[in-house]
Amino acid sequence: MKKFLLLIVMLLVLFYHGALAQVTVSGRITDATDGSPIPGVNIVEKGTTNGTVSDFDGNYTLSLSEEATIVFSFVGYVTQEVLVAGRSTIDISLNTDVQQLSEVVVIGYGEVEERDATGAVTTVSAEDFNQGVIASPEQLIQGRTAGVQVTEASGEPGAGVSIRIRGTSSIRSNNNPLFVVDGVPLGGNDASGGSENLSFGESSARNPLNFINPNDIESISVLKDASAAAIYGSRGANGVVIITTKSGKGIDAGGLDYSSSISVARIAKEFDLLGPEEFLDAAEDLGGNRSELDLGGSTDWQDEIFRTAITHQHNLSFGGGNERGDFRISLGLLDQEGIVERSGLERRTARFSGSYNFFDERLTFSTQLTVADVDDESVPITNDAGFAGDLLVAAWTANPTQPVRDANGVLVQRGVDQLNPVAMLELSQDETNTVRTLANFTTSFEIIEGLTFKNVLGFDRSSSSRGSAFSSDLVAANIQPDPTNNRLGGRLGLLDVEIDNQLVENYFSYTKELSGSVDLDALLGHSYQRFRRSTETILAQGFRTSDPKLMINNLSSFDALNGDMVGSSTNTEDELQSFFGRANINVYDKYLFTATLRADGSTRFGGDNKYGYFPSFAFAWRLSDEAFAPGFFSDLKLRLGYGVTGNQEIPNNLFQPRQRFEAYEFDNADVARGELRNVTFENPGIKWETTAQINVGVDYGFFDNRVRGSIEYYRKNTSDLLFRIQSAQPAPNEFTWRNLDADIINEGLEFNIEADVIDGGDFSWDVLANVGYNDNRVENFDGLVNTGAIRGQGLSNAFAQRIAGGQPLYAYFLRNFAGFNEDGQSIYPNGDFQEFTGDSPLPSYNAGLTNRFGYKNFEMSIFFTGQFGQEIYNNTQNALFTAGALGNGRNVTDDVPGNGESNLNAPDVSTRFLENGSFVRLQNITLGYNFDTSNWNFISALRIFATGQNLALFTDYSGLDPEVNNDAAIDEIPSFGVDYTAYPRARTFTFGVSASF
């Protein structure tokens, strides 16, 4: 009994002592320089995961042992450790850490402090990303970086995006940069399929980067010059974009974040088409029969196909970390409606990031895993709609007196050349599902002090299925039943795409202080990457059902007796083996040297040039540390760099003779049978396309770096251009691949500035601006290559651009239009033939301007972007909006009647439709409010915000939007700057909330 009582007493004493040992500490954290509060400071009980963060006013509260030590840490400040010693109030002033003031930028196979960077590298962090409805990572940095042009193909949800870093460098190869996500270089192919030409033309695949949730991205680094990108060798010619995703570092254990938003979007601009009476009057003036044209209705066809689109976004993440490791789990949902009825994108993502270290951080395991399930819903808007047109052509040219439905509610369909746009929407289906998984597993082991070995295993797998179908109820060419041939109607196209890419990398990194004034940072490694891609295509016509969704999901409805069904498949595999090394030498912390070499071996090239070698060298001199430097510079650094990079984004295996059974396709009412065709011929001498680049840069800072930025000059020379040449017949080979004896030059300047205009008290104002200039030209080329296909009635085989020496890429090659004569015929002073106009579709200048304001708990950001010096060919006006079209009973814009043009005048390809494409866009305004949560129990941060996107456009271009890039390729030669029936852009307003718990 006594022992039992003694035990009770001891437990009570221990309980009492424990209760006395706990204390609640609160306080305020400020900047030691100006006394301003510091939000977001990590406050942790040393040796535990018990912690919190300071609120917007720098206040914090934490319960812990009265004998504990508190660790206060924040990026850019010296970490402090304070003993509690029973106190309940501890105010802290943090001192600036000069060594941390330089931001860390991510480069290939590592990271470096910005102050030690020798190459042209720009990093955009999450706080500077574009806001609102964002479907892919490229949209986050549009207009944010000098020398980087980001152009969306159209306003369609998930549409493709082209990125040009310091200009366009290749004629035939892919001009997009290499994307590296958490250390895994992605393949450059589409992850889904484009739609087959079922009657209205073909459409492009969606953006392959749509699988990445922008909310999971921490930062995006752009490697612009060769000295930075050469570490990626044969894939770095167009620059490198490194995407770093979020981790659990710096998050309290059990940190939970949630954000949600709803967006409302409408078409930003519509064409001013003729109303019913205007249409009848104008058509009658051109000799049309009013009674035949008047169908008794009044329909605004644009209102019939466009809608107010609603988008929902939800993101949830949970994570944390300590000195042993960290983790982060996130879920995301984007449900985006398109502004065209029945179009949209739905993306579901799940992601895990984690790391853990052993043996005093000598051994570390880490992984990142992303899984995305993306559903795309498309409509019949295509790249190459001819006379039959597509959905937009039908909506813009349809007779405004035609009703949508008759008195019985049945769709009014008058003929194959007078399509009902609503019928096209309701009697078609186009859906794509893509499941993609990206993962990497990294093991890092410190062998001895300064020497670390790292192994990276990565894989990128996706599976995509696209089905598009038109019902037999649609009155359109080749779609409806054909009784004369006893054939049922309806058409179907199915396309499956499978991708399986794998990565194995092993490399050593070594850091060593060679002496008191010389530091070495070296890298040596090996990389192996395999790319596999397979496709399966089925085309069918003649179905027993008129339900397009059933046609896609159930092929048993196909009429095997009287219908046609054909299929084809492809399977390609490429391998890339690489050896790479890099050395950084820092002398006296003022003279910085970098040397890089990468050797790439690719299965795409023959034995004579299987391997390519890509060196680079760079030097930086921190002038601000020299005694002779002017005192008003707080930072001044000169950078010089030279390097060679390559481009292997070309058709695989160009050196061996190969044949392929060419795919089947629809040819009007029939199915064109495929045949065995030559793909390549023996050519073991073909070699790499290479880009040599020099870069001269100056980093500067004034007034203790309150004004900072950089100035860059570069010159890129791309040579040994890979090109397919048609052989003059008769010849044993139809064509041959060769390296052109030509050069593409991109030369330019970049200017970037950031300024803390006002920083103190309740109000702050920051300005960020960038301007890039680029001059593009083709030199030493004696050939002529046509591209820039122009589509529409009477425009078969028409083109608007030509590649030639002494011209920019895709230079306009047109008739010189000078108006109409008294008979309404076009006047061409230099003759009725095409010639170079001296104009380019490539912008000479790209610019971005951001103003950020803060007042107490309010914050606002205003962002403008612009492109200048480019011309746009308005193929839409050329094909649709002419008096000739009006005379044929098609609607036109209200500026066509009365312009003096004869209805007999052909819509020639001429400078008449070439327009100035320069613009300034008010791209984004965001207004937010951060609540004071210092006295809230469960919420550590709460923010509400409103964002407007594409709020205003200032341009002389008469089309819907000058920022377009319709696929107008000819014989796979790409083009740029042709506008033809592109899916319109939206003006979007978003309202949202984000909270941390």
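These exercises look at salt bridges in a predicted model.

**Exercise 1.** Find how many salt bridges the model holds.

*Solution.* Start with the cut-off: a side-chain nitrogen of Lys or Arg must lie within 4 Å of a carboxyl oxygen of Asp or Glu. By this rule, the count is 41.

**Exercise 2.** Show that Asp460 and Arg436 form a salt bridge, then place both residues.

*Solution.* Step one: check the distance. N to O is 2.7 Å, and the two side chains meet in a salt bridge. Step two: locate the partners. Asp460 sits in strand E23 (residues 451-470), and Arg436 sits in strand E22 (residues 428-448). They are 24 residues apart, so the pair links distant parts of the chain. Step three: test burial. Buried means under 20% relative accessible area. Asp460 has 3% relative accessibility, so Asp460 counts as buried. Arg436 has 5%, so Arg436 is buried.

**Exercise 3.** Describe the salt bridge of Asp574 and Arg604.

*Solution.* Their side chains meet at 3.0 Å, N to O. Asp574 lies in strand E26 (residues 564-587). Arg604 lies in the loop between strand E27 (591-602) and strand E28 (611-622), 30 residues apart from Asp574. Both Asp574 and Arg604 are buried.

**Exercise 4.** Start from Asp961 and Arg985, and find the network they belong to.

*Solution.* First, the pair: the closest N and O atoms of Asp961 and Arg985 are 3.5 Å apart, and the two form a salt bridge. Asp961 is in the loop between strands E49 (941-955) and E50 (978-979). Arg985 is in the loop between E50 and strand E51 (986-996). Both Asp961 and Arg985 are buried. Next, the network: salt bridges link Glu152, Arg921, Asp961, Glu963 and Arg985.

Definitions and conventions: Residues numbered from 1 in each chain as written. Predicted model: local features only at pLDDT ≥ 70, side-chain atom pairs only at ≥ 80, totals over all residues. Heavy atoms only, no water. Helix = DSSP H or I, 4+ residues; strand = E, 2+ residues; numbered from the N terminus. Buried < 20%, exposed > 50% of the residue type's maximum accessible area, 1.4 Å probe, protein only.
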